[in-house]
Amino acid sequence: MKEQELRELQNTLSWPEKIGQLIQLSGDFFQSEALAVGPKQKLGIDQDTVNLVGSVLNLTGAEATNHIQENYLANSRHKVPLLFMADIIYGYRTIFPIPLGLGATWNPALIKQAYQVIAAESRSAGAHVTFAPMVDLVRDARWGRCLESTGEDPHLNADYAKVMVEGLQGENLEGIASCVKHFAAYGAAEAGREYNTVDMSERRLRQDYLTGYKAAIDAGCKLVMTSFNTYDGMPATGNDFLLKDILRKEWGFDGVIISDYAAIQELVAHGVAADEREATQLAIEATTDIDMKTSCYAKQLEPLIKDGMISSKLVDDAVWRVLKLKNNLGLFEDPYRGASKENEEMNLLSDKNRALSRKVAAESVVLLQNKNNVLPLTPNQDKILLVGPYGDKQDLIGLWAVHGKTTDVTTLKEVLEKKLTSESFKFTQGCDMLDDYSFLGEFGATAEQIDSIGLSESQRESALAEALKLGEVADVIIFAMGEHTMQSGEAGSRTDITLPKIQQDFMNQMIELGKKKILISISGRPLVYTKEVNQMDAILQAWFPGTEGANAIVDLLFGDTNPSGRLSMSFPHNVGQLPIYYNEFKTGRPLTSKTHKGRFISKYLDSPNQPLFPFGYGLSYSEVLYNNLKLSSSEMTEKLIATISISNQSDRDCLETVQLYIQDVTGSVVRPVKELKKYKKVSLKAKETKTVSFELAREDLYYYKRDMSFNVESGAFIVFVGPNSEEVLESQFELI
Ligand code: NOJ
């Protein structure tokens, strides 16, 4: 529709019709009037309001969305189509690894392909908008939503944000619209506790936390979701500084801002609004366009206009942004956008999509340890025993694969059974996932359901006995262990991020058998593996690896694929170190202090400062040597080239992620000890040597200076290049 026509259409809308465009309700409101009675009562709204609502939350499937759209349009006076928005975070039906795993690929080009697949599947299933990417920078593994983030680094996060948006939307929105979230800084919730306060300097906000959102906006992202947290005392949904000053004015974002779930109403609980009327006023004044899942806008906007408390222009502007989005998506011409059963059949879980998911999963797994090269294994050489709660579990897709199906997943046991003879492979679960499942009550499980989950006391005993018996005759024991799906993701904050005790106890008994031990770790966050690094020969961090996860893991176990994943989030030694991140600020008394000794330096008395596994870390089956770091000049005015030689010592091909960090030695404010600026994932043939070069430009060194301008001062810079953030070669240059 031409813009002029759209304007004219908007002018024909009544206030209730306009306000309807600013309300989002969940699918149950639209399924049938009878079914919607409960939800309507809960919100205190009537069917007339529902009939005018402009968007639907988390209802997908072509049959359902087409049916609802058809009914809606048939009964609507204005004929403005519904928008279907959904949480399609790392896969619609073909599930990819959780974003923390995607982060570990260090391969944005590959991740773009994954998001193209996600868009095509979603579109055929009737989704118009996805609430992705989530680009909240994370430094505290206690927070369950680390799962959804690509990690702790502003630069890497921004790279992923860009390709995810590009992959989802396509060049001309032929995919689905992307909604970046959660604006802003949700990942810094204090103490890693869900929905908690965020408070930080503007400098840190801009330098570290905003880069991901900004990259998404620059890539043309159509929507932004506000976060639940406060920033500088004001919840994001009513935060003028974040939404108006930065997002709208500074970044020029004129797309749709949607509140997170009930976040407008929560302004009351936060104590910045006395009631829903005030909450509505704060939110609309901050230019929050859509109210997700409350009746605040439905009930309060019109009276606020009538009483002269808000300008009607605020509402008109918000409506305009929503109509524009619908128009950009082409909904006025085709309200179904190609959603159909046939397209679903063609797209969902196709062999091609599965193959890509397997490739991405293989690149996401991080080999954390491999003592004496216990890996890769040789098929049918050793007797392998697979144990652990994830050994035969289809639940490898993680909590936020809302539309995925665990039944699509092949388990590790199934894959290994296919690959190996029955003499050389055995499986027994050996131990339960958790000591106690009662926390599932908080996620809606009844007492009866909780009782029926897991093993009974006697089953636990016999499971252990069986594992010990089979372990006696095995050469290698593979432990498929980790967190329960419900222990990470939204509302999955934890203060103890070690393996569940029942799994640890089991492991302690099994290692007494003295066999080779391999841990496959399934988790939505970095876990504390301080004990396991001593107990295990090899550790593969596999995250929730997605639909094809088990195939990818087995490819890695046997060396059909050489591991190449690198951590995008540090693994701590213990929870007391959190938040921990490689790009910390310099202190006046670092470990290397020349002026202070003993206890009076910045350190713990009972723990190392460093993480157990640092940012950027990951092994492969190939030893790669780094030599000869050279800078094209010892001075930089505009540009400089850094080169390094990398040499594959092994007889297998590998993928090596070469990382370049800098340190601004003296700045007008304190600067980080290291900052990632460049990286390349390079393929090396067996025994091959390559020279890798990076161009470093003046702008790469920019930061928010003391006066908050984004620039750089002349002076000394250190360049570090290596396979991770700790093992680096270094050189120095002077910025002129
Ligand atoms: C709440 C979550 O914080 C957000 O990420 C999600 O998109 C919405 N719920 C909608 O389900």
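Is Trp 543 buried or exposed? In this predicted model, Trp 543 is buried, because its relative accessible area is 1%, below the 20% under which a residue counts as buried. Trp 543 belongs to the loop that links strand E16 (538-541) to helix H24 (549-557). The backbone at Trp 543 takes a positive phi of about 55°, although the residue is not a glycine.

A positive phi also occurs at Tyr 195, again a residue other than glycine, with a value near 65°. Tyr 195 is placed in the loop between E5 and helix H10 (202-209). Its relative accessibility is 38%, so Tyr 195 counts as partly exposed.

Two cis peptide bonds are described next. One runs from Ala 132 to Pro 133, with omega near 5°. Pro 133 is part of the loop between E4 and H9. The other runs from Lys 181 to His 182 and has omega near -10°. His 182 is located in strand E5 (residues 177-183).

Both residues of this second cis bond, Lys 181 and His 182, are also found at the ligand, where they are among the closest residues. The ligand is surrounded by 13 residues, of which Asp 87, Arg 145, Lys 181, His 182 and Asp 260 are the closest. For three of these, a polar side-chain atom can be paired with an oxygen atom of the ligand: the separation is 2.9 Å for Lys 181, 2.7 Å for His 182 and 2.5 Å for Asp 260. Of the 290 Å² of accessible area that the ligand has on its own, 95% is covered by the protein.

The loop that holds Pro 133 also contains Thr 150, between strand E4 (129-130) and helix H9 (154-169). Thr 150 is counted as buried because its relative accessibility is 3%. Its side chain makes a polar contact of 2.8 Å with the side chain of Asn 157. Leaving aside residues up to four places away in sequence, Thr 150 touches Pro 99, Leu 100, Gly 103, Asn 157, Tyr 160, Met 164 and Ser 568.

Lys 40 lies in helix H4 (residues 37-43). With a relative accessible area of 12%, Lys 40 is buried. A polar contact of 2.6 Å connects its side chain to that of Gln 47. Gln 47 also appears among the residues that Lys 40 touches, which, with residues up to four places away in sequence not counted, are Phe 29, Glu 33, Ile 45, Asp 46, Gln 47 and Val 50.

Val 533 is likewise located in a helix, H23 (residues 532-535). Val 533 counts as buried because its relative accessibility is 12%. Its contacts, not counting residues up to four places away in sequence, are Gln 369, Lys 371, Ile 539, Leu 612 and Phe 613. The C-alpha atoms of Val 533 and Leu 519 are 9.6 Å apart, and these two residues are separated by 14 residues along the chain.

Strand E12 (residues 384-387) is covered on both faces. Ile 384 and Leu 386 on one side are buried, as are Leu 385 and Val 387 on the other. E12 is joined to strand E13 (residues 425-427) by 3 bridges, and the two strands run parallel. Within this pairing, Leu 386 stands opposite Phe 427 of E13. Together with helix H19 (residues 412-419), E12 and E13 form a right-handed β-α-β unit. E12 is also joined to strand E14 (residues 476-482), by 4 bridges and again in parallel. Here Leu 385 is the residue opposite Ile 477 of E14.

A further sheet is open and consists of 5 strands in the order E18-E26-E25-E20-E21, with mixed pairing. Its edges are strand E18 (635-636) and strand E21 (675-684), each of which pairs on one side only. Within this sheet, strand E20 (residues 654-664) and strand E25 (residues 715-722) are paired in the antiparallel sense over 6 bridges. Tyr 661 stands opposite Phe 720 in E25.

Definitions and conventions: Residues numbered from 1 in each chain as written. Predicted model: local features only at pLDDT ≥ 70, side-chain atom pairs only at ≥ 80, totals over all residues. Heavy atoms only, no water. Buried < 20%, exposed > 50% of the residue type's maximum accessible area, 1.4 Å probe, protein only. Pairing = 2+ DSSP bridges. Right-handed = clockwise from strand over helix to strand, strands pointing away. Contact = heavy atoms within 4.5 Å. Near = heavy atom within 4 Å. Polar contact = N/O pair within 3.5 Å; in protein donor to acceptor, adjacent residues only side chain to side chain. Areas by Shrake-Rupley, 256 points an atom, 1.4 Å probe, with all protein chains shown as cover.
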